[in-house]
Amino acid sequence: MIYDTIAAIATPFGTAGIAIIRISGSESIRLANQVFKGRNLLKMKSHTVTYGHITDKLGNVIDEVMVTVMKAPKTFTAEDTVEISCHGGILVTQKVLERVLETGIKLAEPGEFSKRAYVNGRIDLTQAEAIMDLIHAKNENAMKLALSGLRGDIKKGIENIRGELLNIIAQIEVNIDYPEYDDATTMGNELIKPEVIEIRQKLIRLLDDSNKGKIMREGVKTAIVGKPNVGKSSLLNALLNEERAIVTDIEGTTRDTIEAYINIGNITLNLIDTAGIRETIDVVEKIGVDRSKKAIDEAELIILVLDQSRKISKEDIELLDATKDKKRIIVGNKNDLSKAIDLDIHMLSLSTLTKEGLMDLEKEIVKVLGMEDIQEKDFNVISNMRHIGKIKGTIQSLDDVLNAIMIDMPIDMTEIDLKKAWQTLGEITGDYHPEDLISELFSKFCLGK
């Protein structure tokens with residue numbers, strides 16, 4: 001497949017020690033040679049680096065550079081590739097790129113290098129998505145999860161299941177083409193059904209494990225809730241070890257939600273400090289209370305803060321009831337004061353003033369999320385929401401197969417749903433795909449990748 005030769009800045013925009021302009025395509029070495037003053041790039045061995053200068057049309061030096069030549073197919077895109085390492089100033093980097101584009105090389109679209117790597121068979125869709133996951137990883141677990149995808153671990157698991165489905169489809173085709181070898185009803189009831197059930201169970205296990213992967217990859221939306229003046233903002237500040245939220249003795253100081261990210265046990269928490277929930281006639285505070293209630297609904301983890309130096313109140317009881325069906329941790333703040341609260345459920349005692357009990361809270365968060373014993377095998381899980389959606393679609397198709405078998409539908413009708421399941425799984429790796437899926441996926445990549 002022949003493409004235009006493309007180029008883009010592959011390093012972040014801004015001032016740095018160096019910047020890299022990446023060029024890929026069949027004409028990359030020849031066209032780069034036109035703007036380079038130094039060794040003849042056409043005569044360089046693959047995967048070697050040389051020193052020289054990028055010059056303008058008149059031969060004036062734009063910048064001194066190091067140029068790396070990499071010849072197909074042993075490159076990221078599986079195409080001839082040239083990388084120009086220039087000084088990392090904003091202006092000089094742009095000038096080098098402009099000079100490269102003057103040769104007729106086209107500016108790459110977002111994700112176009114990765115898209116070419118996929119189309120040229122260098123990587124599959126799961127590996128392409130893992131590249132972006134690696135770039136955006138917020139903690140060590142997320143990084144390991146991305147590296148697992150980049151190695152092709154997800155691809156191998158999906159291909160194995162697709163192979164099992166294809167084997168069933170092939171047996172049905174033989175049954176249809178040569179009916180004298182097998183009875184259609186026997187084929188459905190005695191062979192297809194148990195195999196489909198087994199495959200379905202494997203996919204269910206993948207979904208069950210995906211929650212842990214999703215937590216590692218995306219983090220956990222965590223709402224800190226409670227009535228006014230129990231120490232929610234103080235807890236946020238204590239966890240972050242910085243004065244992020246304003247803290248006063250005046251009730252209702254926090255009028256809106258405040259968000260911050262923190263890593264605890266290699267889990268990223270998106271902490272949301274909410275306004276104290278109570279009945280109020282203050283218009284602004286009421287808006288904050290409404291947003292707090294919305295945060296409770298959307299949160300994946302609730303940290304409910306109570307003031308243990310006071311007796312349980314009506315607002316406390318209402319919050320305990322409102323969060324009872326959520327994954328939550330109940331925190332009793334102000335343990336440096338005399339205890340007055342009487343609660344018959346587990347409450348973690350701490351003080352945001354002295355910071356006593358904060359380590360216990362961090363351990364409890366990891367425990368409640370089921371992430372206290374992460375092993376190497378836990379990184380080989382589905383975590384991407386697109387992948388999860390496709391697995392759910394595959395399970396639905398297999399359910400349709402089992403329903404068809406139950407009502408003795410013709411074997412060729414059952415095969416339709418089996419093929420649909422096979423195709424849906426193929427959309428995860430890109431072995432079967434609508435063209436608009438590919439365009440949509442790579443459009444989300446950063447420029448130069």
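The following paragraphs describe the two open sheets of this predicted model and the helices that lie across them.

Residues are numbered from 1 along each chain as its sequence is written. Because the model is predicted, local features need pLDDT of at least 70 and side-chain atom pairs count only at pLDDT 80 or more, while totals for chains, interfaces and linings use all residues; side-chain values use heavy atoms, with hydrogens and water left out.

Helices (H or I, at least four residues) and strands (E, at least two) are DSSP runs, numbered from the N terminus. An open sheet of seven strands has the order β3-β4-β5-β6-β2-β1-β7, and its pairing is mixed; two strands count as paired if DSSP finds at least two bridges between them. At the edges stand β3 (36-38) and β7 (106-107), each with a single partner strand, so one side of each is left without a neighbour in the sheet. Three bridges join β3 to β4 (residues 48-55) in the antiparallel sense, and F36 stands opposite I54 of β4.

Two helices accompany this sheet. Helix α2 (residues 90-101) lies across β1 (6-9), β2 (16-24), β4, β5 (61-70), β6 (81-88) and β7, and runs at about 150° to β6. Contact here means heavy atoms within 4.5 Å, and angles, from 0 to 180 degrees, are taken between the N-to-C directions of lines fitted to C-alpha atoms, for helices over the stretch in contact. Helix α3 (residues 112-119) lies across β1 and β2, at about 135° to β1.

Further along, six strands form an open sheet with mixed pairing, in the order β9-β10-β8-β11-β12-β13. Its edges are held by β9 (258-264) and β13 (348-349), each with a single partner strand, so one side of each lacks a neighbour in the sheet. Seven bridges pair β9 with β10 (residues 267-273) in the antiparallel sense, with A260 opposite L271 of β10. Helix α8 (residues 232-240) lies across β8 (220-225), β9, β10 and β11 (301-307), running at about 40° to β9.

Strand β12 (residues 328-333) deserves a look of its own. Five of its six residues are buried (under 20% relative accessible area, 1.4 Å probe, protein chains only), so β12 is largely enclosed by the rest of the structure. Strands β11 and β12 run parallel and are joined by six bridges, and L306 has G332 of β12 as its bridge partner. On the other pairing, β12 and β13 are parallel over two bridges, and here G332 has S349 of β13 as its bridge partner.

Key. Buried < 20%, exposed > 50% of the residue type's maximum accessible area, 1.4 Å probe, protein only.
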